[in-house]
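Notebook open, structure loaded. I'm jotting things down in the order I looked them up.

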Amino acid sequence: FFFFAMPLIKIFATPAVKKLPIAALQTAMCNVWGTKPGVTKLMFSRVEDWTHSGEDVFVDIRAKGTAVRTKEVVAKKVEEVQQAFAEHGLKANIRLELYPVEIYHHLPPKE
């Protein structure tokens, strides 16, 4: 089933992560969340250092809270996200924040 919007996935990595397969990860995230690339934005940033727990990447996901995104469904999807990173040899620490639909606004660039 589809989740409709998963607008922002921020991926943070230390300089030890030399290359991130961003296109393949976007495809994987679209498959996990049932979204399309136009609404599934991935942003990758290198950070000098952070307090971590042995992860290669820290993945911060922000998405609309919807009726189908129950706690149980989201917990399963977060595990699928972690597995998608593992398939590329990356140990991921995942954080997901759902926000109320009523406060969501998006203004894409004009064509």
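**Entry 1: isoleucine 22.** I started with isoleucine 22 and asked for its contacts, skipping neighbours within four places in sequence; I got Ile11, Leu42 and Phe44. Before going on, a reminder to myself that this is a predicted model. Isoleucine 22 sits in helix α1. Is isoleucine 22 buried, exposed or partly exposed? Its relative accessible area is 34%, so I noted it as partly exposed. I also pulled one C-alpha distance: isoleucine 22 to phenylalanine 44 is 7.9 Å, for a pair 22 residues apart along the chain.

**Entry 2: the overall layout.** Next I stepped back to the whole protein. I counted two helices and four strands, and in sequence order they read β-α-β-β-α-β. The protein has 111 residues, and 35% of them count as buried. I then looked at contacts with a separation of 6 or more: 84% of them come from residues 24 or more positions apart. The accessible surface came out at about 7,200 Å², with 58% of that belonging to carbon and sulfur atoms.

**Entry 3: strand pairing.** I went through the strands pair by pair.

- β1 pairs with β2 (residues 41-46) in the parallel sense, over six bridges. As an example I wrote down lysine 10, whose bridge partner in β2 is methionine 43.
- β1 also pairs with β3, here antiparallel, again with six bridges. Alanine 13 has valine 57 of β3 opposite.
- β3 and β4 run parallel and are joined by nine bridges. Lysine 64 has tyrosine 99 in β4 as its bridge partner. Between these two strands the chain passes through α2, and that β-α-β crossover is right-handed.

For the other β-α-β unit I checked β1, α1 and β2, which is right-handed too.

**Entry 4: the loop after β1.** I picked alanine 16, in the loop between β1 and α1. What is its exposure class? Alanine 16 has 66% relative accessibility, so it goes down as exposed, the cut-off for that being over 50%. Its C-alpha is 9.5 Å from that of glutamate 48, which is 32 residues away along the chain.

**Entry 5: the nonpolar core.** General background I had in mind: in soluble globular proteins, nonpolar side chains tend to be buried together. Here the largest nonpolar core holds 22 residues, and the ones with the most contacts inside it are Met29, Val57, Val59, Val81 and Phe85. Which elements supply at least two residues each? My list reads β1 (8-13), α1 (22-33), β3 (57-65), α2 (71-86) and β4 (92-100). I took valine 81 as a case to follow up. Beyond four places in sequence, valine 81 touches Met29, Val32, Trp33, Ile61 and Ile94. Valine 57 is a name I'd already written down, as the residue opposite alanine 13.

**Entry 6: aromatics.** How many aromatic pairs does a search of the whole structure find? One. Such a pair is described by the distance of the centres and the angle of the planes, so I noted both values. The rings of phenylalanine 12 and phenylalanine 58 have centres 6.5 Å apart and planes at 45°, so I logged the pair as tilted. Phenylalanine 12 belongs to β1 and phenylalanine 58 to β3, so the pair ties together parts that are 46 residues apart in sequence. Those two strands are the antiparallel ones from Entry 3.

I checked how covered each ring residue is. Buried would need under 20% relative accessible area. Phenylalanine 12 has 23%, so it counts as partly exposed, and phenylalanine 58, with 24%, is partly exposed as well.

Technical notes:
Residues numbered from 1 in each chain as written. Predicted model: local features only at pLDDT ≥ 70, side-chain atom pairs only at ≥ 80, totals over all residues. Heavy atoms only, no water. Core = buried A, V, L, I, M, F, W, Y, C linked by side-chain atoms within 4.5 Å. Buried < 20%, exposed > 50% of the residue type's maximum accessible area, 1.4 Å probe, protein only. Contact = heavy atoms within 4.5 Å. Phe/Tyr/Trp six-rings, centres within 6.5 Å; stacked < 30°, edge-to-face > 60°. Areas by Shrake-Rupley, 256 points an atom, 1.4 Å probe, with all protein chains shown as cover. Pairing = 2+ DSSP bridges. Right-handed = clockwise from strand over helix to strand, strands pointing away.
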